[in-house]
Amino acid sequence: MGPIWSSYFGNCRSLLFMVDAANPAQLSASCVQLLGLLSAEQLAEASVLILFNKIDLPCYMSIEEMKSLIRLPDIIACAKQNITTAEISAQKGTGLSEVLRWLRDTHRTDR
Ligand SMILES: Nc1nc2c(ncn2[C@@H]2O[C@H](COP(=O)(O)OP(=O)(O)OP(=O)(O)O)[C@@H](O)[C@H]2O)c(=O)[nH]1
Ligand SMILES: [Mg+2]
């Protein structure tokens with residue numbers, strides 16, 4: 001779906017980017033997509049929440065290892081956007097309240 005995402009950039013103030021934390025094999029592809037989004041002119045003002053999803057599943061790599069592997073601290077430091085990360089399970093609802101709080105707070109400070 002990546003190629004058509006830019007059709008939805010107009011008026012976008014929040015970007016939720018979901019990473020499958022149970023599938024580190026997809027990590028490099030996710031990172032490329034993320035860097036593309038962060039460098040998009042239309043998303044320069046957006047607030048970004050990176051969601052590491054499926055934390056209920058066992059994985060041979062920890063979230064910290066994955067963040068380090070894609071050099072997420074450097075990405076966050078260099079990005080124009082305000083970037084937050086969260087660890088969630090969409091299936092179990094873990095972290096949902098944190099996501100809702102982020103959305104509420106982000107839109108509040110936008111105004
Ligand atoms: N265990 C678990 N399963 C999840 C979670 N979120 C989504 N799923 C399941 O993941 C499946 C969808 O796969 P995803 O990887 O999310 O979707 P996708 O990336 O479009 O599909 P793939 O190309 O197959 O990876 C569905 O069966 C969901 O129920 C989660 O937090 N935990
Ligand atoms: Mg998937």
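How far does a polar side-chain atom of Ser-89 lie from an oxygen atom of ligand 1? The distance is 3.3 Å, and the first legend below sets this contact among the others around the ligand. The structure is a predicted model, in which local features need pLDDT of at least 70 and side-chain atom pairs count only at pLDDT 80 or more, while totals for chains, interfaces and linings use all residues. Residues are numbered from 1 along each chain as its sequence is written, chains are lettered from A and ligands numbered from 1 in the order in which they are written, and side-chain values use heavy atoms, with hydrogens and water left out.

**View 1. The surroundings of ligand 1.**
The residues around ligand 1, meaning those with a heavy atom within 4 Å of it, are Asp-20, Gln-26, Asn-53, Lys-54, Asp-56, Leu-57, Ser-89, Ala-90 and Gln-91. This shell divides into two nonpolar, four polar and three charged residues, where Ala, Val, Leu, Ile, Met, Phe, Trp, Tyr, Cys and Pro count as nonpolar, Asp, Glu, Lys and Arg as charged, and the others, Gly among them, as polar. Besides the pair at Ser-89, an N or O atom in the side chain of Asn-53 is 3.0 Å from an oxygen atom of ligand 1, and at Ala-90 a backbone N or O atom lies 2.9 Å from a ligand oxygen. Of the 640 Å² of accessible area that ligand 1 has on its own, the protein covers 42%, with areas taken from the Shrake-Rupley method with a 1.4 Å probe.

**View 2. Gln-26, one of the residues around the ligand.**
Gln-26, which belongs to the shell of ligand 1, is found in the loop between β1 and α1; helices (H or I, at least four residues) and strands (E, at least two) are DSSP runs, numbered from the N terminus. With a relative accessible area of 40%, Gln-26 is partly exposed, a class that lies between buried (under 20%) and exposed (over 50%), judged with a 1.4 Å probe and protein chains only. Gln-26 and Asn-82 are 56 residues apart along the chain, and their C-alpha atoms are separated by 24 Å.

**View 3. The largest nonpolar core.**
A nonpolar core is a set of buried Ala, Val, Leu, Ile, Met, Phe, Trp, Tyr and Cys residues joined through side-chain atoms within 4.5 Å, and the largest one here has 23 residues. Those with the most contacts inside this core are Leu-38, Leu-43, Ile-50, Phe-52 and Leu-72. At least two core residues come from each of β1 (14–20), α1 (27–38), β2 (47–53), α2 (63–69) and α3 (72–78), and the largest share, five residues, is that of α1. Leaving aside neighbours within four places in sequence, Leu-38 is in contact (heavy atoms within 4.5 Å) with Val-48, Ile-75, Ala-79, Lys-80, Gln-81 and Ile-83. Apart from the largest core lies another, of six residues, among them Leu-51, Ala-86, Val-99 and Trp-102. In soluble globular proteins, nonpolar side chains tend to be buried together.

**View 4. Ser-14 and Thr-106, two buried residues that touch.**
Ser-14 lies in strand β1 and is buried, with a relative accessible area of 16%, whereas Thr-106 lies in helix α4 (residues 96–110) and is buried at 6%. A polar contact, that is, a pair of N or O atoms within 3.5 Å of which, within protein, one must be able to donate a hydrogen and the other to accept it, with residues adjacent in sequence counted only if both atoms are side-chain atoms, joins the side chains of Ser-14 and His-107 at 3.0 Å. A polar atom in the side chain of Thr-106 lies 2.6 Å from the backbone oxygen of Trp-102. Not counting residues up to four places away in sequence, Thr-106 touches Ser-14 and Ser-47.

**View 5. Ala-46 in its loop.**
Ala-46 has its place in the loop between α1 and β2 and, at 3% relative accessibility, counts as buried. Although Ala-46 and Leu-15 are 31 residues apart in sequence, their C-alpha atoms are 6.5 Å apart in space. Beyond its neighbours within four places in sequence, Ala-46 is in contact with Cys-12, Arg-13, Ser-14, Gln-81 and Asn-82.

**View 6. Two residues with a positive phi.**
Most residues other than glycine have a negative phi. Asn-11, which is not a glycine, has a positive phi of about 65°; Asn-11 lies in the segment before β1 and is exposed, with a relative accessible area of 82%. Arg-71, also not a glycine, has a positive phi of about 55°, is found in the loop between α2 and α3, and counts as exposed at 56% relative accessibility.
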